[in-house]
Amino acid sequence: MSDTQIRTSADALMRQSTTYKPPRDPVQIIRWTLLFMGAVVMVMPIVYMLSASVKYPHEMFDLNIIPREPTFENYLYVLADGRFIKWFVNSLIIAIVTTMSAVFFDALVGYTLCKFRFRGRYLIFIAILSTLMIPTEMLILPWYMMSLHFGWLDTYWGIMFPGLMTAFGTFLMKQFFETVPDDFLEAARIDGLNEFQIWWSVAMPLVTPALSALAIFIFLGNWTAFIWPLIVTTDQALYTLPVGLTTFSVEQSVQWELIMTGAALATIPTLIVFLVFQRYIIRGVAMAGLKG
Amino acid sequence: MNLYSRLSIERKRTVWAWAFLAVPIFFYVVIRFYPTADAMVLSFQNWNLLGARSWAGLDNYVRLWGDPVFWKVFRNTFMYLILGTPISLVISFVIAYNLDKTRFLHGTLRALYFLPFLTTAVAMAWVWRWFYQPVPIGLFNNILSSVGIGQVRFLNSTSNALPSILAPAIWAGLGFQIIIFMAGLRAIPVSYYEAARIDGVSNWTILREITLPLLKPTIVFLVVFSSIGFLRIFDQVFNMTTNDPGGPLNSTMPLVMMIYQTAFSSYSMGYAAAQTVVLFTVLLVVSLIQLRILRDR
């Protein structure tokens, strides 16, 4: 699909009009009712998780969603442990730094491959693109060996280094920079801006929707990443939230209300962010997905 | 600086281009290409992380070929794919197709369907694991018993465990597929539908003759993307079978988990590397076959 098509279909997705008038046509009523029931089923696991996290153990296994005696004791217990806050901060730092690095470099490389003409350009593009076919799991063993050799085990750097640039993002940004007219860049060049300034202050502001789409995608990927952080960390103080949650849940074994509280603590922040930025997130995921 | 100022504009731009690419090229060589080559080399070696790496020829591959666990794992990995991809695509298409025709509270419905995509696989694996517990703990069995149906053994049965672990993976991916399908549906020009309607064509024919063929690029993308995801399943299996990894009796163990265990529980790095090469080959072949079949039709 061409760029304009991607843009318009992602935009059209968001423009899809919402009305607050219930349908009259019987077919539409049935369609809507079924869709609504489906949507309720979809969110049920999340609802039951949240519900269980505010229940006392004796009420935990009843089917009612609203607890008869709501309690925050589970949260107090889990947070008093102290490790959750640490894991949360670790995950946040790692996801933010990785996202910033990947968006910066992916945009820079995408721009260079799109707007500069030089020998070897095509070769580099193909080389970067070809890394998309290599599964992370294949690189994990050599990464682990590197980390062992250089002392990166149990460090933030060790968790972050594999994701500092992404081929997917480079490809995505290259596509979007095609939509930036060369005349703009030429005008800036005549005004005496150097190439870095042209990229940073002329081209980049023109692709902000793509940048935010990429940022959302990469942040989500890092926030939920599991296998690499699991391998590279053994010190609990450096665990990310998913790895910590696994450890915590195994410790609790049959105390399901505490496990659900831990799961809720890992989920609630994303839910809040989603409720605030819903439109941007859905649009961003659609844009990034359609390009991929 | 003097040297630089004497260059032509084109030459200056080339210098800038290589300056921009210097760090990324270093990154891709050291963090992507070298490890790829290293994994392939390692698959022909023996190494237990401590001693020296020694050459093993094809030993690791021969061992893999003769390993009954590997064949079991190979079958499981494809089961995740064969069940996961068609089921998730059919469900997400049906929802996207109907959601696209709905106006009332459209944004709210879409948000509800999308929500699970944002959850962490680890957290949701534990939620589903709780649901699957026997009476009086698990939600599903409690519901079944409240309507008088017998118990279902989900995670501790060799035949039910794999689909039970797959379910949360499908569930979490639906939101993404629905959004992509809806964007694809929106990209089809309205005039096609109008023309068909003037000709008095039925909804079913419109779906079969216009919507699905024009949606092909979207379908191809989603088939390849979700297949790669199911072939690499790990987070859910790891968290739902912590008491018996990949169990019961290896019936849920996917290839990625076998790699993890071979490398980090048995420290047979060379053997694990051979398994990663197999994973790489499987992903490549499956993607190419799918692209071939779907593009040609």
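Okay, let's start at B:Ala274, which sits in helix α14 of chain B, the one running over residues 269-296. This is a predicted model, by the way, so everything I say is computed from that. Is B:Ala274 buried or exposed? It counts as buried, because there are 29 C-beta neighbours inside 10 Å and the cut-off for buried is 20 or more. Who's around? Setting aside neighbours within four places in sequence, B:Ala274 is in contact with B:Ser43, B:Asn60, B:Tyr61 and B:Leu64. If you want a sense of scale, go from B:Ala274 to B:Phe140: they're 134 residues apart along the chain, and their C-alpha atoms are separated by 40 Å.

Staying on chain B for a moment, have a look at helix α9, residues 190-198. That one is hardly covered: of its nine residues, the count that are buried is zero. Right after α9(B) you get B:Gly200, with a positive phi, near 75 degrees.

Now over to chain A. What's it built from? It has 14 helices and zero strands, so to speak one α after another when you read along the sequence. The C-alpha atoms fill a box of roughly 75 × 65 × 35 Å along the principal axes. Of the 292 residues in chain A, 43% count as buried. And if you take contacts in chain A between residues at least 6 apart in sequence, 76% of them join residues at least 24 apart.

Okay, the two chains together. The contact takes 76 residues from chain A and 77 residues from chain B. On the chain A side, the elements giving two or more residues include α1 (3-15), α2 (26-53), α4 (83-115) and α14 (256-291). Which one gives the largest share? That's α14(A), with 14 residues. By class, this side of chain A has 55 nonpolar, 17 polar and four charged residues.

Let me pick out two helix pairs across that contact. For the first pair, take α6 of chain A, residues 136-150, and α2 of chain B, residues 9-42: their axes come within 8 Å and cross at roughly 90 degrees. That makes α6(A) roughly perpendicular to α2(B). On the α6(A) side you've got A:Met138, A:Leu139, A:Leu141, A:Pro142 and A:Trp143, and they meet B:Pro35, B:Thr36, B:Asp38, B:Ala39 and B:Leu42 of α2(B). Split by class, that's eight nonpolar, one polar and one charged.

The other pair is α13(A) with α6 of chain B, residues 121-131. Here the axes come within 8 Å and cross at roughly 25 degrees, which makes α13(A) roughly parallel to α6(B). The residues involved are A:Pro242, A:Leu245, A:Thr246 and A:Ser249 on one helix, and B:Val122, B:Ala123 and B:Trp126 on the other. This contact comes out as five nonpolar, two polar and no charged.

Last stop, the core. The largest nonpolar core has 159 residues, and the ones touching the most other members are A:Leu214, A:Ala263, B:Val127 and B:Ile179. Where does the largest share come from? From helix α8 of chain B, residues 161-186, which puts in 17 residues. The core also draws at least three residues from each of domain 1 (2-42) and domain 2 (67-296) of chain B. And B:Val127 is a nice one to click on: leaving out residues up to four places away in sequence, it touches A:Pro45, A:Met49, A:Met260 and A:Ala263.

Conventions: Residues numbered from 1 in each chain as written. Chains lettered and ligands numbered in written order. Predicted model: local features only at pLDDT ≥ 70, side-chain atom pairs only at ≥ 80, totals over all residues. Core = buried A, V, L, I, M, F, W, Y, C linked by C-beta atoms within 7 Å. Buried ≥ 20, exposed ≤ 12 C-beta atoms within 10 Å, placed from the backbone. Helix = DSSP H or I, 4+ residues; strand = E, 2+ residues; numbered from the N terminus. Domains from an automatic or database assignment. Contact = placed C-beta atoms within 7 Å. Axes fitted to C-alpha atoms, helices over the stretch in contact; angles between N-to-C directions. Parallel < 35°, antiparallel > 145°, perpendicular 65-115°, else oblique. Nonpolar A, V, L, I, M, F, W, Y, C, P; charged D, E, K, R; others polar.
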